[in-house]
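The following exercises practise the reading of a protein structure. Each task sentence is followed by a solution in steps.

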Amino acid sequence: MLQRVNALPFEVRQYMLITGNYWAFTVTDGALRMLVVMHFHQLGYSPLEIAMLFLFYEAFGVVTNVVGGWLGARLGLNRTMNVGLGLQIFALAMLMVPASLLTVAWVMAAQALSGIAKDLNKMSAKSAVKVLVPKESVNANSSLYRWVAMLTGSKNALKGVGFFVGGLLLTLIGFQAAVLVMAVMLGGVLLLSLLRLKADLGRRKVKPKFSEIFSKSRAINVLSAARFCLFAARDVWFVVALPVFLYDQHGWSHWTVGGLLAIWVIGYGGVQTQAPKLTRLIKGDAWALTAGWAAALAVLAIVLAMLPLAQVGWLVVGLLAFGVLFAINSSWHSYLIVHYARADGASMDVGFYYMANAMGRLVGTLLSGWLYMAYGLSACLWVSAALVAASALMALALPRGSDLISK
């Protein structure tokens with residue numbers, strides 16, 4: 001088996017290693033989120049208080065994506081990826097203290113480190129794809145789209161596995177033991193990455209100035225704004241509101257809630273891997289595809305907001321459909337940012353874009369806790385619909401006349 005791997009082209013082997021790092025990290029990230037939500041809800045925390053536990057996780061992600069992209073261009077993506085793995089292990093170790101020491105401030109600090117780690121890891125993985133896709137490929141755009149879709153889709157499928165693992169571990173062995181298991185697993189991944197990942201991957205030849213972190217590209221700025229709205233639209237109902245609603249209003253158990261979120265994210269990731277085929281269902285150039293798929297999602301979000309919440313079965317079916325359309329939108333965005341990014345210093349453009357992504361998650365997370373506590377799940381779904389509609393309108397400002405997937 002090892003001989004077969006070594007016989008593969010260098011770029012493919014590096015891609016496999018980066019994807020493996022990303023997979024392992026994502027399982028712990030999804031599991032940790034589910035552990036924190038369900039454990040602290042069990043301790044009596046309100047939805048808004050639980051949302052506040054993720055405040056620094058999302059807020060530090062905003063800064064990390066910008067600064068991390070700059071560091072990746074200066075130091076190499078291998079280093080930023082390994083730093084992300086190390087920080088996640090440290091964040092997990094912080095949560096191994098006795099339950100009496102798990103104060104709000106302590107958990108927020110641990111989540112801040114986890115947020116920094118997650119976005120360093122993601123920025124490094126997405127930027128590395130731009131570097132590794134063979135430049136001489138005749139079908140470079142199609143190859144790039146497939147590589148990005150596979151990386152993103154597989155990552156999100158495993159994040160869903162992480163949700164299920166988190167709920168299951170909390171039920172079987174408790175909070176601290178679950179955190180310990182994840183830290184040990186991630187330590188082995190970090191050791192392999194330190195030994196095998198290429199030095200200076202994606203390092204820019206001329207060290208960029210810090211002032212270059214803000215993109216001067218209209219396409220990237222518009223896409224970043226659309227991404228902000230898209231991810232705020234998801235997290236406004238997904239992060240806190242839905243798990244607490246199902247647990248409180250319908251009596252679902254921890255592992256059942258975790259299982260549903262796992263199925264949602266696994267299915268979402270699976271659809272993302274097929275996005276290069278699915279996006280062809282709407283004809284047109286980049287701006288038409290982006291606006292068209294966002295408009296389809298907006299219509300579905302409005303229908304969801306009108307559903308009676310007592311019919312939980314229909315709600316679950318509708319949210320699964322939301323996941324399909326959201327996956328196509330997300331994967332297409334992920335491809336566009338890598339396509340639009342500069343070849344030299346791609347991590348800076350990708351980092352700027354994922355700064356907007358993190359800001360959307362931050363706003364969505366805070367709204368998820370506050371809106372649910374004040375107005376209920378229905379309000380969260382209406383706000384989600386409005387945000388998706390805004391994303392569709394912003395996409396109309398993207399450059400026109402470029403067919404990026406017809407080759």
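**Exercise 1.** Leaving aside its neighbours within four places in sequence, which residues is Thr365 in contact with?

*Solution.* The structure is a predicted model, in which local features need pLDDT of at least 70 and side-chain atom pairs count only at pLDDT 80 or more, while totals for chains, interfaces and linings use all residues. Residues are numbered from 1 along each chain as its sequence is written, and side-chain values use heavy atoms, with hydrogens and water left out.

Step 1. Locate the residue: Thr365 belongs to helix α15, residues 346-375. Helices here are DSSP runs of H or I with at least four residues, strands are runs of E with at least two, and both are numbered from the N terminus.

Step 2. Apply the contact rule, which asks for heavy atoms within 4.5 Å. With neighbours within four places in sequence set aside, the partners of Thr365 are Ala51, Phe54, Glu58, Asp235 and Val239.

Step 3. Consider accessibility. A residue is buried under 20% relative accessible area, exposed over 50%, and partly exposed in between (1.4 Å probe, protein chains only). Thr365 is buried because its relative accessible area is 1%.

**Exercise 2.** Determine how many salt bridges are counted, and describe the residues involved.

*Solution.* Step 1. State the rule: a side-chain nitrogen of Lys or Arg must lie within 4 Å of a carboxyl oxygen of Asp or Glu.

Step 2. Count: the rule yields one salt bridge. Asp235 pairs with Arg234, and their closest N and O atoms are 2.7 Å apart.

Step 3. Classify the partners. Asp235, at a relative accessible area of 2%, is buried, and Arg234, at 8%, is buried as well. Asp235 also appears among the contacts of Thr365.

**Exercise 3.** Describe the surroundings of Gln111 and Ala112 in helix α6.

*Solution.* Step 1. Begin with Gln111, which counts as buried because its relative accessibility is 2%. Residues up to four places away in sequence not being counted, Gln111 touches Leu32, Val36, Leu53, Phe54 and Tyr57.

Step 2. Turn to Ala112, which is buried at 7% relative accessibility. On the same basis, Ala112 touches Phe56, Tyr57 and Phe60.

Step 3. Compare sequence with space: Ala112 and Phe56 are 56 residues apart in sequence, yet their C-alpha atoms are 4.6 Å apart. Tyr57 is a partner of both Gln111 and Ala112.

**Exercise 4.** Is Ala99 buried or exposed?

*Solution.* Step 1. Find its place: Ala99 lies in the loop between α5 (77-94) and α6 (104-132).

Step 2. Classify: Ala99 counts as exposed because its relative accessibility is 55%.

Step 3. Examine a distance: 77 residues along the chain separate Ala99 from Gln176, and their C-alpha atoms are 8.2 Å apart.

Step 4. Set beside this Ile220, a residue of helix α9 (residues 218-238). Ile220 is buried, at 1% relative accessibility. Its C-alpha atom is 8.7 Å from that of Leu336, 116 residues away along the chain.

**Exercise 5.** Which residues make the nonpolar surface patch?

*Solution.* Step 1. Recall the rule: patch residues have over 30% relative accessible area and no salt bridge; like charges are joined within 9 Å, and nonpolar side chains (Val, Leu, Ile, Met, Phe, Trp, Tyr) within 5 Å.

Step 2. List the members: Phe164, Leu168, Leu172, Ile173 and Val181 form a patch of about 430 Å².

Step 3. Assign the contribution: helix α7 (residues 140-172) gives the most, with three residues. Leu168 is found in helix α7, and its relative accessibility of 31% makes it partly exposed.

**Exercise 6.** How many disulfides does a search of the whole structure find?

*Solution.* Step 1. A disulfide is a covalent bond between the sulfur atoms of two cysteines. The criterion used is a pair of cysteine sulfur atoms within 2.5 Å.

Step 2. The search finds zero disulfides. Cys229 is buried, with 4% relative accessible area, and Cys380 is buried, with 0%.

**Exercise 7.** Summarise the whole protein: how many helices and strands are there?

*Solution.* Step 1. The protein has 16 helices and zero strands.

Step 2. Of its 407 residues, 59% count as buried.

Step 3. Check confidence with pLDDT, the predictor's confidence in each residue, from 0 to 100. The average is 77, and 77% of the residues score at least 70.

Note on methods
Accessible areas come from the Shrake-Rupley method with a 1.4 Å probe; for residues, only the protein chains shown count as cover.
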